[in-house]
Amino acid sequence: MPKLRDVCSQVRSKNAGPFWITVDLFFADEAVYRRYRDDRAIGAGAFASLYGVDPASIRRFTVDRLSVVKVSYPRPSPQGGVVERDMHSGQQFADLLEVELSGDRTGAADVVVT
Amino acid sequence: MKDSRPGEAVVIVPTGALGSGVRAGDLRRGIARGAHAIALDAGSTDSGPSYLARGVSKYTREAVKRDLTVLMEAQAKAQIPLLVGSCGTSGCDVAVDWTVEIALEVAAELGIAPRIAVLYSEQSRSVVKKKNAAGRVRALEPSAPLTDAAIDACEHIVALMGPEPYVHALREGADIVLGGRTTDTAVLAAVPLMRGAGAGPAWHAGKVAECGGQCTADPTDGGVLVRTGADYFEIEPLSASNRCTPHSVSAHMLYENADPFRLVEPGGILDVTGARYEPVDERVVRVTGSSFEAAPYTMKLEGAANGPFQTIMLVGIADPEVLAALDLFVERLSAALHDRVRATFGDEADPYDISLRAYGWNAVSGRRVPGGTPPPREAGMLFVATAATQELATAIAKACNAHFFHFPLNRSDELPSYAFPFSPAEIERGRVYEFVLNHVVEVDQPLELVRFAWPAVPAKAFARGA
């Protein structure tokens, strides 16, 4: 199966206020977006285990107009504390590039807008 | 070229942050297009808690003064209001006053005497405690209910204003409004709302334009112009060489935003689920279908506290044997350093923390590197000691210096010397600051927690060279 780096034109991460981080997966075109937007490998559970957060706290959105899957998760500790490694969370996307898609469409979305 | 149409509010957003570089040409072009106001933001929590805890601006005085000079000159010439939100990065009182003082200096140098309104939204601990005790403070995810201890820990607490205080100041005759902490969107939505534009388009336009040119094809090429009507807004770059596209505009709802469809603001919720983005021409985008649902008025609270102190050391490692076993090395070194602290200070150093971060390996993520990853050519090993005082953090670093510098991968190895780039090796980094509040406070009306001031602006006669 392809990796996210093969099917996305851009993958990015950023702080969304001091208590949240948000990740945007821009799929290269609508066809690959339709094929993979609900993939288990980019479901809430997969993000929870990659970033070490409670799966119930993850918010996941599919933005059909932009062929984007957006995932937001609470920071393990607020921005800028003793253990800060990435103040703006702008480098947290890198490990996602190597995530291999599963072909299993059970990564259900919180919100779907068409 | 279109001039403003009836019922339409035209706002120049010259940049995403005061002090980042306003271009006079952008303002001229916007004013020529019939702008009713210039609005921009000067702050954010984006760069971390230290700016709010200390009340210090992220941008230098020189950069802010230079931007204010360009803006105030354009304001005086065009006689349209200038609105600046979240002055001095954090928007706490001392940061607002710092900005006001610069603005007064600029007015004197330009020989102008604009009417300046100042909006303060810093809150005392006692006001926040009273609101909390009355059950009118609510925690946002993922935070816990607010306690008096958390309130007492904060050096500064600000409440994010909506557009109403700006509208009030403009109705009272302000030429320039310098605001404390405000939502990014509110300062841009104020004039459109005051002029009767639709709430959905006004708030949505504010969100899209909050970072200036970030919503254009080339974010380095100047700010934007926003026209807001009853049921639409149009957005275009101020620079003739730049473009807005449906993609660049709609994608901005994703940026630094946990929810791409719904945005909670002081008096309601912006919902862009049904928004349509259409090109007007090659550089202008028209947006329709955004709505604003009114809700009980709340202001978000931000608060930052003083934390412990840190002292750091850095070594470079190029030894291939160490680099080939970096995780093992970090594990052994960490244990040795904690033993050393214990042997030197007993429990006198508690609570302390030592963090080792291998740059070039996994310092940024902090996660395990997948097996089979080839070793790096070099790595930078950052040592971070955190303790209650700067003296103690430095003492811990000094106690660890020799181990950090000479630690062998295996006991039997000859003692290596890693590459210190500095002497002395330890660097006192100062305090850690911490964001504490992630709550909203309910208010009876939008001006309840806002204070107004109208500083005296020296008359033109006193201007330099006048």
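## Close-up views of a predicted two-chain model

**View 1. Chain A and its contacts along the sequence.** In chain A, 68% of the contacts with a separation of 6 or more are between residues 24 or more positions apart. This is a predicted model, so read every view with that in mind. Chain A holds 3 helices and 5 strands, and going along the sequence they come in the pattern α-β-β-α-α-β-β-β. Its radius of gyration is 14 Å, close to the 13 Å that the globule rule gives for 114 residues, so chain A is as compact as a globular protein of that length. Along the principal axes, the C-alpha atoms fill a box of roughly 45 × 25 × 25 Å. As for burial, 42% of the 114 residues of chain A count as buried.

**View 2. Helix α3 of chain A and what its buried residues touch.** Zoom in on α3(A), residues 44–51, and you'll find its buried residues are A:Ala44, A:Phe47 and A:Tyr51. They cover an arc of only 65° around the axis, so they sit on the same side of α3(A). What do the buried residues of α3(A) pack against? They go up against β3 (59–63) and β4 (68–74) of chain A. Just after the helix comes A:Gly52, with a positive phi near 65°.

**View 3. Chain B as a whole.** Over in chain B there are 13 helices and 20 strands. The C-alpha trace spans about 85 × 55 × 50 Å along its principal axes. Of the 466 residues of chain B, 50% count as buried. Take the contacts in chain B with a separation of 6 or more, and 76% of them come from residues 24 or more positions apart.

**View 4. The ten-stranded open sheet of chain B.** This one follows an open sheet of 10 strands in chain B, with mixed pairing and the order β12-β13-β9-β8-β1-β2-β3-β7-β4-β20. Why do β12 (276–279) and β20 (451–453) of chain B each have one side without a neighbour in the sheet? Both stand at the edges with a single partner strand each, so one side of each is left free of a neighbour. Ignoring direction, neighbouring strands of this sheet are turned by 20° against each other on average.

**View 5. The β4–β20 end of the sheet.** Here the close-up is on strand β4 of chain B, residues 116–120, which is joined to β20(B) by 3 bridges. The two strands run antiparallel. If you want a residue pair to look for, B:Val118 stands opposite B:Ala453 in β20(B).

**View 6. Helix α8 lying across the strands.** Helix α8 of chain B (residues 184–194) lies across five named stretches: β1 (9–13), β2 (37–43), β3 (82–89), β7 (176–179) and β8 (224–228) of chain B. Against β2(B), the helix runs at about 165°.

**View 7. Where chain B touches chain A.** The contact takes 36 residues from chain B and 33 residues from chain A. On the chain B side, the elements that give two or more residues are α10 (246–250), β15 (298–317), β16 (353–359) and β18 (427–435). Which of them gives the largest share? That's β18(B), with 4 residues. Sorted by class, the side of chain B that touches chain A has 14 nonpolar, 14 polar and 8 charged residues.

**View 8. Two cis peptide bonds in chain B.** One cis peptide bond joins B:Glu141 and B:Pro142, with omega about 0°. B:Pro142 is in the loop between β5 (137–139) and α6 (148–153) of chain B. There's also a cis bond from B:Ser423 to B:Pro424, where omega is near 0°. B:Pro424 lies in the loop between α13 (390–406) and β18 of chain B.

**View 9. Two positive phi values outside glycine.** B:Ser86 is not a glycine, yet its phi is positive, about 50°. The residue is in strand β3 of chain B. Is B:Ser86 buried or exposed? With 31 C-beta neighbours inside 10 Å, B:Ser86 counts as buried, since the cut-off is 20 or more. B:Glu256, also not a glycine, has a positive phi of about 50° too. This residue is in the loop between α10 and β10 (262–265) of chain B. B:Glu256 has 19 other C-beta atoms within 10 Å, so it comes out as partly exposed.

Terms used
Residues numbered from 1 in each chain as written. Chains lettered and ligands numbered in written order. Predicted model: local features only at pLDDT ≥ 70, side-chain atom pairs only at ≥ 80, totals over all residues. Pairing = 2+ DSSP bridges. Axes fitted to C-alpha atoms, helices over the stretch in contact; angles between N-to-C directions. Contact = placed C-beta atoms within 7 Å. Nonpolar A, V, L, I, M, F, W, Y, C, P; charged D, E, K, R; others polar. Buried ≥ 20, exposed ≤ 12 C-beta atoms within 10 Å, placed from the backbone. Rg over C-alpha atoms; globule rule 2.2 N^0.38 Å. Arc of directions from axis to C-beta.
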